[in-house]
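This briefing treats three topics in turn: a helical residue and its surroundings, a sheet, and a pair of packed helices.

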Amino acid sequence: MPDELTTEREGLRVPGVPTHAEVGVVAMVPDEWGPLWQPRHHVVSRLAEWFPVVWMSPAPEWREAVRTRFRAPSPPPASGLVPGLDIDQAGWHLPRIHHPRWAGELLLRRRLGNAVARLRRRGCRSVVLYLWRPAFRQAALLYPWDAVVYHVDDEYSFSPVDQAPDPEEVALLKEADLVFIHSATLWDRKASVARRAVRAPNGVDYLRFATPCLEPPELASVPRPRVGYVGWLKQQLDWPLLEALVERHPEWSWVLLGPVKPDPALMAIIERIRRRPNVHLFDAKPAPHLAAYVQHLDVALLPYLRDGYTQYIYPMKLHEYLAAGLPVVGSPIPALERHRDVIWIADGVEDWSCALREALEPRARDPEVVAHRRRVARDHDWGVIVSMIAEEIWRLSGPGKGSEV
């Protein structure tokens, strides 16, 4: 979705036409295009304002491809909605095959060639491969790209215990022409290995979250004060802490909104918590609808465990909460510690109780305090971040390599 914030260059743009059509981008991503947006959705959709882009959805495993061979393909969800962006949905004839290896490489090379051909037909003279997982390194080796970009927006081991560097990722960091890294701790861990690394923190669709929205009817029935978390309900949240706080503070309404990671132990905890009368669980909402729910909370939560995985994360919802002007209480993980000037940091049930009480006081909604939160969020607007990413790509692969956009 094109960003509504203006920049000095936007007056030169033609709506719906990428600014630099001579450079194309093939984005290899780990998920389908859909309503639940991750950082890659925000980045890739906005890159399509600058360059023609193909979003390559994951190919199905060959068994799944055979099962769905005669099923009518669903239309690409972004068609006509995001100008400049094409969605490549692998058909049943181009599945993912691991053995024999040569067959898998042949099919992937064919699919990559199709994506490049799409971009060539749109006038692209050079094509950049933009990878969102180290597991996609094979694509960088199978085609003569003009440049390869790797975006590190997570610790891909997903392990609660710190792991040794993944050899595949180390190789990609060394081989990629440009690496974007989103958190300071990941930067410390990976930047020195890369040929060229640039910080690209997580952002926010600022105007969407800062512009007042009507209260969703299903939320209107929830009594205030509302203390809430909006995002994936996953194992990395501190569920024992949440359960203890819910029990300690029956006078507050606890709102949990988002998709649930499919894990039996996690689902058992959530089911136990949701039985409490002061807990209100809402299903996941499409990205455009999230702001209305966030804005009508009283305090927002970032209750993460502290472990070998969360030390590297940079929660996207931090700046979404701040853009809405909300008081925020979070766990002492590195990415949040850096924002102590605009959020409360709490450790343990007692500390969290005190911080939440302070966050619910009227002075936490003082106009100057709210304005400061929003200034921090606006500095992290996706439009600003993606403009920087686009300029780096242009310097790397534009006709006058090394020149500015």
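**A helical histidine**

His 319 is located in helix α12, which spans residues 317-323. The model is a predicted one. The points below begin with the surroundings of His 319 and then turn to the sheet and to a helix pair.

*Surroundings of His 319*
- His 319 counts as buried because its relative accessibility is 0%, against a cut-off of under 20%.
- Beyond its neighbours within four places in sequence, His 319 is in contact with Asn 202, Gly 203, Val 204 and Tyr 314.
- The contacts of His 319 also include His 339, Val 376, Ala 377 and His 380.

*The sheet*
- Six strands form an open sheet with parallel pairing, in the order β10-β9-β8-β11-β12-β13.
- The edges are formed by β10 (279-282) and β13 (344-345), each of which pairs on one side only.
- Strand β9, residues 253-257, pairs with β10 in the parallel sense over 4 bridges.
- Leu 257 has Phe 282 in β10 as its bridge partner.

*Packing of α1 and α16*
- Helix α1 (residues 39-47) packs against helix α16 (residues 382-397) at an angle of about 65 degrees, and their axes are 9 Å apart.
- The crossing of these two helices, α1 and α16, is right-handed.
- From α1, the residues Pro 39, His 42, Val 43, Arg 46 and Leu 47 take part in the contact.
- From α16, they are met by Trp 382, Gly 383, Val 386, Ile 389, Ala 390 and Ile 393.
- By residue class, the contact of α1 with α16 comprises 8 nonpolar, 2 polar and 1 charged.

How values were computed: Residues numbered from 1 in each chain as written. Predicted model: local features only at pLDDT ≥ 70, side-chain atom pairs only at ≥ 80, totals over all residues. Heavy atoms only, no water. Pairing = 2+ DSSP bridges. Buried < 20%, exposed > 50% of the residue type's maximum accessible area, 1.4 Å probe, protein only. Contact = heavy atoms within 4.5 Å. Axes fitted to C-alpha atoms, helices over the stretch in contact; angles between N-to-C directions. Left-handed = near helix turned anticlockwise from the far one by under 90°. Nonpolar A, V, L, I, M, F, W, Y, C, P; charged D, E, K, R; others polar.
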